[in-house]
Amino acid sequence: TRSTRPQRLLKAVRKHAARGDPQSVISAIDHFCRHSEWAMNIGDEKGSILDSVVSELNPEKVLELGTYCGYSTVRIARLLPPGARLITLEFNAGYAAIARQVIAWAGLEDRVQLVEGASEDWIPRMKEHFGIETFDFVFLDHWKDRYLPDTKLMEDCGLLRKGTVLLADNVICPGVPDYLQYVRNSLSYKSCYFKSHLEYTKAEDGLEKSVFLG
Ligand SMILES: CCCNc1ncnc2c1ncn2[C@@H]1O[C@H](/C=C/CNC(=O)c2cc(-c3ccc(F)cc3)cc(O)c2O)[C@H](C)[C@H]1O
Ligand SMILES: [Mg+2]
């Protein structure tokens, strides 16, 4: 049967990227998405904003919601010190299998834990299962109607501390109106918008950075 787009993306990584070289994995995926087949990775333009937020924060404990092919997982993990930990949640087995191989090709499996499952099942188990007290940084890039419920769930589970940074992809396209309204009007967050473009296109999109105030 015909291969899937993520399988063709992984093939492009193996063909064009050097093992153990995260930057070459990122470049191979961006080239594939720009010149062969568009895919919903954060991409190079918004990815640079993600890089600057992570580099400035230097987080020890990171949570990513929605791994997909592992592109943003690699972007974040390559900037973390070896002792830091990135837990990424992906509930589609096919995508999880591809992402594991992309993360391994980049040589970053030592600081990434890919958990195959749904965020609403795993967020409540972060403390007892992974020994996580609170997260320093959370990247939201899963189904857009899940950003708000999962953020409230993380608050209720005590996984956010004073200063935890949430960074949300796609706040314009496809858009997350309920989440934006919440973080921009809640007294518990200091929020700001980073204007950019939808990956590999000229359409507007952007990232919302929200600091939890406790
Ligand atoms: C209920 C389970 C919730 N919990 C969950 N727990 C674990 N994993 C979850 C959960 N919910 C979803 N996932 C996984 O995360 C991934 C989902 C990612 C979703 N991303 C988009 O939809 C998007 C669209 C566009 C776009 C823009 C313009 C267009 F024209 C077309 C497309 C651009 C973008 O940058 C985008 O990120 C993956 C596919 C899916 O299996
Ligand atoms: Mg996205």
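**Notebook: ligand 1 and the sheet**

I began at Asp 169, and I found that an N or O atom in its side chain is 3.2 Å from an oxygen atom of ligand 1. I note here that this is a predicted model, and I keep that in mind for each entry that follows.

I then looked up other polar side chains at the ligand: Lys 144 has a side-chain N or O atom 2.9 Å from an oxygen atom of ligand 1, while for Asn 170 a polar side-chain atom lies 2.6 Å from an oxygen atom of ligand 1. On its own ligand 1 has 840 Å² of accessible area, and I read that the protein covers 83% of this. I also listed the surroundings, where 24 residues are around ligand 1, and those that come nearest are Glu 90, Ser 119, Asp 141, Asn 170 and Glu 199.

Next I turned to the sheet, which is open and has seven strands in the order E3-E2-E1-E4-E5-E7-E6, with mixed pairing. I asked myself why one side of E3 and one side of E6 are left without a neighbour in the sheet. Strand E3 (112-116) and strand E6 (189-197) stand at the edges and each has a single partner strand, so one side of each stays without a neighbour. From one strand to the next, I noted an average twist of 15°.

I followed one pair further: E5 (residues 160-168) and E7 (residues 204-212) are antiparallel, with four bridges, and Leu 167 has Lys 209 in E7 as its bridge partner.

Finally I looked up two helices. Helix H3 (residues 43-57) packs on the sheet and touches E4 (135-140), E5, E6 and E7, with its direction at about 145° to that of E6. Helix H8 (residues 147-156) lies across E1 (61-65), E4, E5, E6 and E7, and runs at about 165° to E5.

Terms used:
Residues are numbered from 1 along each chain as its sequence is written. Chains are lettered from A and ligands numbered from 1 in the order in which they are written. This is a predicted model: local features need pLDDT of at least 70, side-chain atom pairs count only at pLDDT 80 or more; totals for chains, interfaces and linings use all residues. Side-chain values use heavy atoms; hydrogens and water are left out. Two strands pair if DSSP finds at least two bridges between them. Axes are lines fitted to C-alpha atoms, for helices over the stretch in contact, and angles run from 0 to 180 degrees between N-to-C directions. Contact means heavy atoms within 4.5 Å. A residue is near a molecule or strand if one of its heavy atoms lies within 4 Å of it. A polar contact is a pair of N or O atoms within 3.5 Å; within protein, one must be able to donate a hydrogen and the other to accept it, and residues adjacent in sequence count only if both atoms are side-chain atoms. Accessible areas come from the Shrake-Rupley method with a 1.4 Å probe; for residues, only the protein chains shown count as cover.
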